[in-house]
Amino acid sequence: MTEFRVWAPKPESVRLDVEGNVHALTRSEDGWWHARIDAAPDARYGFLLDDDPTVLPDPRSPRQPDGVHARSQLWDPAGATWTDGDWQGRPVEGAVIYEMHLGTFTDAGTFDSAIDKLDYLVDLGVDFVELMPVNSFAGIHGWGYDGVLWYSVHEPYGGPDGLVRFVDACHARGLGVLVDAVFNHLGPSGNYLPKFGPYLSSASNPWGEGINIADADSDEVRRYIIGCALRWMRDFHADGLRLDAVHALVDTTAIHILEELATETDWLSERLGRPLSLIAESDLNDPRLITPRERGGYGLTAQWADDIHHAIHTAVSGERQGYYADFGSLAALAQTLRHGYFHAATYSSFRRRRHGRPLDTRAGSGVPGTRLVAYTCTHDQVGNRALGDRPSQNLTGGQLAIKAALALATPFTAMLFMGEEYAASTPFQFFSSHPEPELARATAEGRKAEFAEHGWDADEIPDPQDPQTFQRSKLKWDEVDSGEHGRVHRLYRDLIALRHGDPDLADPWLQHLAVDYDEEQHWISVSRGRLRIVCNLDTEPVKVPIAGDVVLAWGEPAVDVDHTVLQGHSFAILSVREQT
């Protein structure tokens, strides 16, 4: 017998349809409906609400073999085959993470085809794979942030069994797995949750209606979110989550849902006997997210640090548009590297108001730099550009090398976006495959209108619904070892190896970081113990008043007893000998 349960306080009646056979459900006072039915282990089922003849999928559907509009299918995680019994997990702080969009990582775009590339990631030296959302969403391909059935795994990727095989294969190779989870909004196609209960709030965010986590009858919605988060880590053995845009989780209760989730994640970690990590994407520059709960914070493991990205990218590339306006100087870069946040109760010209709060970086008593995730690009910073162009499509190899050195040789947890490590020539564009013609047209027209407001020719903006937009975004693996791609690839591999192997690069405290720079000559030096990461961001050679033995470099630095000469767009990591 199988127990079916669904929380549906809104309708007056709820019936269960199992393979075309309709069964009555019993309602409890708390709005839960339930029944025990004799059903096959892989039975298709759904719910009938009131007099509506449409069979709706289970809000906690374990599987959607025919898409988000169709019936759910039973899937028991206890029946999954695992070989990772000896996997003890690994902490994410200080690690190197590899962000991956499964659909464009390989030609086939499946979990099984991605498994074939895992040995490449091991050779590269990364510690974690971070999967962009793999929950069920409408259509065949998309970024995954329009998910509507958060508990199920996108079937075109391989469904729940494919995810099990992928995580198991990662653990066999010593790779941790993080899953990108979106709890701040629901997609526009296949969202039937409001028919069941008060899942949506009166608030809104840039992606649609907000989730009801603080209004009336929100307790079960909060359990829905937390239960989904724990499911990825418990049933699919994920080592943690990346939490999308947590600033859009409007919570006015005394115990913020992020604190509640962190508490329950720590409990699950103790129960499973392995580390579990929560990494937040946040626009707030709010230290509470990554401050321990015993010190008044939420206790999340880490957060994406866009200020670090902005400071590095603008200093190297010269871009200043939009939210980059306050960045670009070496002073801004130095400030951000030393303190983690650039905007810390300071004026943001893009927002036209004060933004952020200072982060306590005192060694031993503050927040270590490893609680901030640094990167030279992400799916957002590439895909949300008008043409989805990567830095490798606009910058020199030397500029890419400088960015990599500043992200990988500083005290932060580091993250790469797939293909970055070999300067991929392919873009990563915004793509979707909404099956509804009206929604498809609105998505394409909205994208063009958005960038037309910023001066782009609307005809230049790729159509998200055009299958070629998706195809163009797939990585070209024959590039990895060819020409300049191969040179960048070798540099990334060497930088990651140095990061893992040199004890001076293991110090997590920003207070121990020293930064020198010359705004006019456009060089910057970052001191970490005996090591100096010296970068020339100019096109002309520069003489930097630092000397030492070259540990790693892009270019051919000339070092004498007092100076290092760096060619244009180059860097060197030096081991500085103590003077006697």
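This report describes one enclosed strand with its two pairing partners, and then one contact between two helices, in a predicted model.

Strand β8, which covers residues 96–100, has five of its five residues buried, so this strand is largely enclosed by the rest of the structure. In a regular strand the side chains alternate between the two faces of the sheet. In β8, Val 96, Tyr 98 and Met 100 point one way while Ile 97 and Glu 99 point the other way, and all of them are buried. The strands that pair with β8 are set out below.

| Strand paired with β8 | Sense and bridges | Residues facing each other |
|---|---|---|
| β21 (residues 413–417) | parallel, four bridges | Val 96 of β8 and Ala 414 of β21 |
| β9 (residues 128–131) | parallel, four bridges | Met 100 of β8 and Leu 131 of β9 |

Turning to the helices, the axes of α11 (residues 397–408) and α14 (residues 483–501) come within 10 Å and cross at roughly 15°. Because angles under 35 degrees count as roughly parallel, α11 is described as roughly parallel to α14. The crossing of these two helices, α11 and α14, is right-handed. On the side of α11 the contact is made by Gly 397, Leu 400, Ala 401, Ala 404, Ala 405, Ala 407 and Leu 408, and on the side of α14 by Glu 484, Leu 491, Tyr 492, Leu 495, Ile 496 and Arg 499. Sorted by class, the contact of α11 with α14 holds ten nonpolar residues, one polar residue and two charged residues.

How values were computed
Residues numbered from 1 in each chain as written. Predicted model: local features only at pLDDT ≥ 70, side-chain atom pairs only at ≥ 80, totals over all residues. Heavy atoms only, no water. Axes fitted to C-alpha atoms, helices over the stretch in contact; angles between N-to-C directions. Parallel < 35°, antiparallel > 145°, perpendicular 65-115°, else oblique. Left-handed = near helix turned anticlockwise from the far one by under 90°. Contact = heavy atoms within 4.5 Å. Nonpolar A, V, L, I, M, F, W, Y, C, P; charged D, E, K, R; others polar. Buried < 20%, exposed > 50% of the residue type's maximum accessible area, 1.4 Å probe, protein only. Pairing = 2+ DSSP bridges.
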